[in-house]
Structure formats: structure tokens, C-alpha cells
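Colleague: I have a few questions about this model. Please keep the answers short.

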Amino acid sequence: MLAELAGPWEAARQSKLRVARGGERKRAAGAGRRPKLVLCDRLLLALVYLRHQLPHEVLAELFDVDRSTVSAAIRQVRPLLAARGFAVPDRPGLRLRTLADVFAYAEAEGVELRLDGAETQVRRPQTGRPGRRAFVSGKRKQNTIKTTTFSGGQGRMLLSGVVRPGRMHDQTAVRTGGIAEQFRLHPSVRSQADAGYAGLAKEFPDQITAPPKRPKDDACDGDKRAWSEARRRQSSARICVEHTNAELRQWAPLQRFTRRRDTYDETHRAIAGLVSDRSARRPTRRRTSTELVLVHDKSS
């Protein structure tokens with residue numbers, strides 16, 4: 001990772017220095033004040049912060065620097081981590097950065113996507129600020145930010161983002177985030193989703209599978225048992241994306257985000273990219289002959 005970030009880090013640093021100087025450097029390379037933390041230390045500091053969300057004062061004591069140095073290091077490294085994208089299983093060096101990348105990969109590789117939303121509690125906006133109610137989640141009754149996660153059939157993360165305020169419904173995020181448009185552009189892509197995306201499944205019945213509609217109370221027992229079994233099968237096929245979201249919750253900032261809300265998107269993408277690195281290294285589970293027969297039976 002250090003070798004991967006060295007080039008973008010140096011390019012961003014030289015660009016900032018050029019703006020501050022108002023032109024090209026006038027002194028020889030190597031002259032001037034030495035940085036208190038080299039890139040390796042700054043990367044380590046940012047990773048510790050993203051994993052545990054320690055206060056900047058504590059990190060300053062651990063690294064024996066000033067608090068402002070810690071804040072600057074995090075501001076410099078976090079966008080580099082967020083821009084890395086998401087690792088692809090069994091494809092070293094290939095990374096997905098946008099929704100279009102994910103759908104193109106799923107279409108080319110025949111991957112059935114799993115789609116789900118997640119909420120993270122954030123600080124409440126100040127009283128009287130416009131749009132204050134936009135972050136109040138109707139489900140959790142707290143101030144939250146919602147994200148959408150895509151995973152493959154084995155629960156390995158392909159993308160996590162599409163950030164929106166907690167009050168926005170999943171279906172609205174699909175319309176405004178461009179997810180519905182991607183399904184329209186890639187008609188061969190299939191996905192499993194929960195009941196929050198029932199409208200999307202109704203619009204794309206051949207591509208998206210949502211939980212079946214519950215039968216009426218006066219329905220016969222056979223219909224109720226058939227509904228229960230269909231719901232169980234769909235939940236079993238979709239549950240892996242819930243495990244993917246659970247991996248994100250192991251990182252303290254995504255359990256409860258205590259910093260400024262305008263930095264959440266960048267923080268989330270930085271952490272999700274690191275989680276995807278770990279999940280992509282998990283061995284691919286091959287289906288047994290019995291499972292292949294069951295899949296063939298269900299498709300027929």
C-alpha cells in the first residue's frame with residue numbers, strides 16, 4: 001500500500017507546494033524544512049485513526065507530534081485511501097471505483113449482485129440549520145447517514161457508497177444515485193435485494209429478486225407455506241451482503257461517526273476500500289456437484 005500511494009502522495013504534495021510558491025521551486029531538491037512525519041508514518045497514523053477513531057490528542061501523544069500535525073496527516077492520507085477503489089476477487093491489480101465499473105464487471109463475469117443499505121449514526125446538526133430534519137432516520141429515530149453496499153454471491157465487497165441523508169428512503173436513493181439507470185444499461189445483470197427495494201424489483205422483474213409478497217390472512221395453508229419457503233430461500237441468497245455490512249461495522253467510525261458529516265463520504269470509502277482488500281483475499285468457494293444440481297433444478 002505504501003508503494004501504491006507514494007506516487008499520488010508526492011504528486012499532491014508538489015502541487016500544493018507549487019500553489020503556495022506561486023510557481024516552480026527555486027531552491028535545490030532536498031532543501032528546506034524537514035517534515036515531522038514521513039509518508040510511512042502518516043499512513044500508519046491514518047490507518048490507526050480509521051480503525052479506532054482515537055482522538056487526535058491521543059494520536060499526537062502516541063506519535064510524539066503536535067495535534068495539528070495529526071490532523072494534517074489524516075486530511076492528506078484519507079483522500080488517497082478513498083480514491084483507491086475496491087479490490088476485485090481473483091483479479092489482482094483491478095479495482096472498481098464507480099457504479100458503472102461494478103455493473104460492467106458483473107456483466108462481464110456473470111456475477112449476481114447483492115444490494116443492501118446501511119445506516120451510521122452521525123452528529124446532530126445545529127439547531128436552526130436548514131435541512132436539519134433530513135438526517136433523522138424514520139427507522140432508527142436517530143441522525144444517520146445511509147450508504148448502499150454491493151457484494152458478490154460470496155459476500156465479498158465490490159462497492160460501498162452512494163451516500164445520502166438518513167431520512168431518504170432506499171428507493172429514492174436508487175433513483176437519485178444512478179443505480180436504476182445502471183440496471184437499465186446492463187439488462188443481463190441480476191441482483192438480490194431486500195424489501196426496501198420492492199419498487200425497483202417491480203420495475204426490473206427479470207433482473208432484481210426481492211422478498212415475495214406476503215399472502216392474505218385468509219389464504220390457504222399451502223400458499224402460506226410456499227410463501228415462507230420462497231422467503232427463506234431469497235433471504236438465504238441475500239444474507240451475504242448483510243455479512244459484508246457487518247465487516248464495515250468492525251471499524252469504529254462506521255459504528256458511530258463523531259466527526260464532521262461532510263467528511264463521512266471520504267472516510268466511508270477509505271474504510272470500505274480497505275475492507276475490500278481483505279475480503280478479496282479470501283479463497284473462492286467452489287460449488288459442489290450437489291449444489292450445481294440444485295441450482296440447475298431451481299433455474300429449470
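Colleague: Which residue follows helix α3, and what is the sign of its phi?

Modeller: This is a predicted model, in which local features need pLDDT of at least 70, side-chain atom pairs count only at pLDDT 80 or more, and totals for chains, interfaces and linings use all residues. Residues are numbered from 1 along each chain as its sequence is written, and side-chain values use heavy atoms, with hydrogens and water left out. Helices are DSSP runs of H or I, at least four residues, numbered from the N terminus. After α3 comes D64, and its phi, near 55°, is positive.

Colleague: Which residues of α3 are buried?

Modeller: Buried means under 20% relative accessible area, exposed over 50%, and partly exposed in between (1.4 Å probe, protein chains only). Helix α3 spans residues 56-63, and its buried residues are H56, L59, A60 and F63.

Colleague: Why do those buried residues sit on the same side of α3?

Modeller: The arc is taken from the directions from the helix axis to the C-beta atoms. On the other side of α3, E61 and L62 are exposed. The buried residues H56, L59, A60 and F63 are on the same side because they cover an arc of only 105° around the axis.

Colleague: What do the buried residues of α3 pack against?

Modeller: Contact here means heavy atoms within 4.5 Å. The partners are two helices, α2 (39-52) and α4 (67-82).

Colleague: Is Q53 buried or exposed?

Modeller: Q53 lies in the loop between α2 and α3. Leaving aside neighbours within four places in sequence, its contacts include V48, F257 and R259. Its relative accessible area is 14%, so Q53 is buried.

Colleague: Which side chain makes a polar contact with the side chain of Q53?

Modeller: A polar contact is a pair of N or O atoms within 3.5 Å; within protein, one must be able to donate a hydrogen and the other to accept it, and residues adjacent in sequence count only if both atoms are side-chain atoms. For Q53 the distance is 3.2 Å, and the partner is the side chain of T258.

Colleague: Which residues is R51 in contact with, leaving aside its neighbours within four places in sequence?

Modeller: R51 lies in helix α2. R51 is partly exposed, with a relative accessible area of 28%. Its contacts are Q250, W251, A252 and P253.

Colleague: What about L50: which residues does it contact, leaving aside neighbours within four places in sequence?

Modeller: L50 is among the residues that touch the most other members of the largest nonpolar core. Its contacts are L81, W251, A252, P253, T267, A270, I271 and L274.

Definitions and conventions. A nonpolar core is a set of buried Ala, Val, Leu, Ile, Met, Phe, Trp, Tyr and Cys residues joined through side-chain atoms within 4.5 Å.
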